[in-house]
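Here is a short briefing on one protein chain. It covers the domains, their interface, one pocket and one loop residue.

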Amino acid sequence: MKFKKVCVVGLGYIGLPTAALMASRGLEVVGVDINESVVDSVNRGAVHIVEPRLDAVVQAAVGSGRLRAAPRPETADAFLIAVPTPITADKASDMRAVLSAVDAIAPVLKAGDLVVLESTSPVGTTDIINQRMAAARPDLRFPKVGVDGPDVHVAYCPERVLPGKVIQELVSNDRAIGGMTEACTELATGLYALFVEGELVATRAREAELCKLAENAFRDVNIAYANELANVCDSQGVDVWEVIRLANRHPRVNILNPGPGVGGHCIAVDPWFIVESAPDDTPVIQAARAVNDGRPHRVVEKIRVMVEGLRSPVVACLGLAFKPDIDDLRESPAVDVVLEVARLPGVELLVVEPNINQLPAHIRAAGAELVDLETALSRADAVAVLVDHTPFRQNVDRIAAKDRIVDTRGILSRTVSAVL
Ligand code: SAJ
């Protein structure tokens with residue numbers, strides 16, 4: 001086998017499962033993370049991420065001796081970079097983690113190695129890291145577009161797994177693999193063939209980079225359309241869920257679900273990477289971001305109007321996570337709604353989030369109280385459904401019995417539709 005040892009830089013929700021999966025296929029894998037506690041927990045066979053089946057895969061990989069974690073990269077045959085690429089407050093890409101991963105890898109590179117970037121990145125990043133490594137290692141030949149035969153091969157292969165289904169999708173999803181040259185693509189394809197059952201689609205680095213951004217921007221634009229429709233329906237007194245249910249009977253229409261906004265670290269972030277590169281060519285993408293970012297405030301307005309005239313109204317917000325049945329509150333529009341409701345004068349705020357035991361300090365400090373569904377329904381004058389968690393769906397009749405409801409996820413309408 002060409003690859004015996006792989007070094008995965010970044011043990012987050014992509015790097016760790018990928019490292020464990022490669023180890024389960026017989027590769028020797030070193031997972032690298034700058035966070036000492038992550039290194040320690042992985043070396044104990046434990047996981048620091050909530051993701052179905054990940055604990056068993058990591059435990060088995062560490063137990064077999066084929067996966068271990070370390071604070072810095074070491075000699076290997078292939079290097080995979082899976083570190084975060086957030087945006088700054090001005091919506092610019094923050095590539096510091098990628099660049100420092102590259103700087104850490106460069107000194108240990110040797111002829112014959114492969115470097116693959118998986119982190120979501122603006123177009124041109126693979127070439128930038130290629131040139132950065134070339135500058136750090138003048139003793140090695142790096143790829144040039146159109147010229148094959150370098151010492152070190154460099155490629156881009158975006159991750160595209162859905163949180164909650166990572167272990168399954170890492171294996172089953174098709175992958176776009178874009179090398180700096182054809183030889184780079186070929187070598188990277190050989191690595192992914194060791195653990196991916198989906199199709200490995202050969203392309204070039206820039207196309208692979210934009211492909212990832214285009215996928216998430218596509219979803220953002222489509223969700224924005226559903227959210228815009230929800231705004232229209234609110235002002236027109238029309239049930240948006242009924243409209244979507246009917247429209248989706250058209251053979252070429254598939255409207256997504258409106259909600260309180262778009263959360264997570266990908267769909268609300270990645271479109272900005274396209275906007276950053278092409279600000280004048282992206283009016284649709286920019287408008288979609290504005291519509292989705294405007295949703296939490298629209299939801300709060302509905303709640304405000306609903307409790308107007310009540311003295312010291314009790315409002316219960318159901319759900320805080322960014323999507324159903326997870327405990328991830330980061331970048332969640334439900335959190336934005338809760339924090340804004342907390343600022344409404346005279347409102348007592350209850351929050352139900354079955355997937356956490358304690359509210360984050362800033363939400364507690366805003367005056368919110370974490371309660372169970374039972375307590376919320378008995379005490380609240382008004383209820384806002386912000387996440388369609390399973391326990392809420394299972395209690396839809398009891399939620400529907402309240403007089404004042406803002407149902408941002410349509411769990412009430414969709415249940416009614418299903419019964420009809
Ligand atoms: N949402 C809606 N309405 C919908 C669908 C989603 O409001 O109809 C909201 C969700 O509630 C959530 C947000 O969008 O707040 C994002 O959730 P998601 O489940 O659509 O996606 P993520 O962020 O968990 O994962 C996405 C996926 N990308 C696509 O589906 C194109 C995943 O495949 C990517 O790998 C991941 O981003 C990533 O890492 O980039």
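Domain bounds here come from an automatic or database domain assignment. On that basis the chain splits into domain 1 (5-198) and domain 2 (214-419). The model is predicted.

**Domain interface**

- The centres of domain 1 and domain 2, taken over C-alpha atoms, lie 34 Å apart.
- Contacts across the boundary involve 14 residues of domain 1 and 10 residues of domain 2.
- Interface size is often expressed as the accessible area lost when the parts come together.
- Between domain 1 and domain 2 that buried area is about 1,100 Å². Carbon and sulfur atoms give 60% of it.
- Which three residues supply the most of the area that domain 1 buries against domain 2? They are Ile87, Lys91 and Thr120, with 38%.
- The rule finds 1 salt bridge across the interface of domain 1 and domain 2.
- A salt bridge joins the side chains of arginine 160 and glutamate 215, at 2.3 Å from N to O. Arginine 160 falls within the bounds of domain 1, and glutamate 215 within those of domain 2.

**Second largest pocket**

- The volume of the second largest pocket is about 310 Å³.
- Its lining comprises 20 residues. Closest to the pocket centre are Asp234, Val240, Trp241, Lys302 and Asp407.
- By class, the lining of this pocket holds 10 nonpolar, 4 polar and 6 charged residues.
- Five elements each supply at least two lining residues: α8 (205-236), α9 (240-247), α11 (283-307), β13 (404-407) and α17 (411-419).
- Which element gives the most to the lining of the second largest pocket? The answer is α11, with 4 residues.
- Of the residues closest to the pocket centre, Asp234 belongs to α8, Val240 and Trp241 to α9, Lys302 to α11, and Asp407 to β13.

**Lysine 323 and its surroundings**

- Where does lysine 323 lie? Lysine 323 sits in the loop between β9 (314-318) and α12 (333-341).
- Lysine 323 and glycine 259 are 64 residues apart along the chain, and 9.8 Å separate their C-alpha atoms.
- With neighbours within four places in sequence left aside, lysine 323 is in contact with Leu162, Pro163, Val387 and His389.
- Lysine 323 falls within the bounds of domain 2, whereas Leu162 and Pro163 fall within those of domain 1. Val387 and His389 are within the bounds of domain 2.

Methods:
Residues numbered from 1 in each chain as written. Predicted model: local features only at pLDDT ≥ 70, side-chain atom pairs only at ≥ 80, totals over all residues. Heavy atoms only, no water. 1 Å grid on protein atoms, 1.4 Å probe; cavity = no way out; pocket = protein on both sides within 12 Å on 5 of 7 lines; lining within 4 Å. Points joined across faces, edges and corners; volume = space filled by probe spheres on them. Nonpolar A, V, L, I, M, F, W, Y, C, P; charged D, E, K, R; others polar. Contact = heavy atoms within 4.5 Å. Buried area = accessible area lost by both parts, 1.4 Å probe. Salt bridge = Lys/Arg side-chain N within 4 Å of Asp/Glu carboxyl O.
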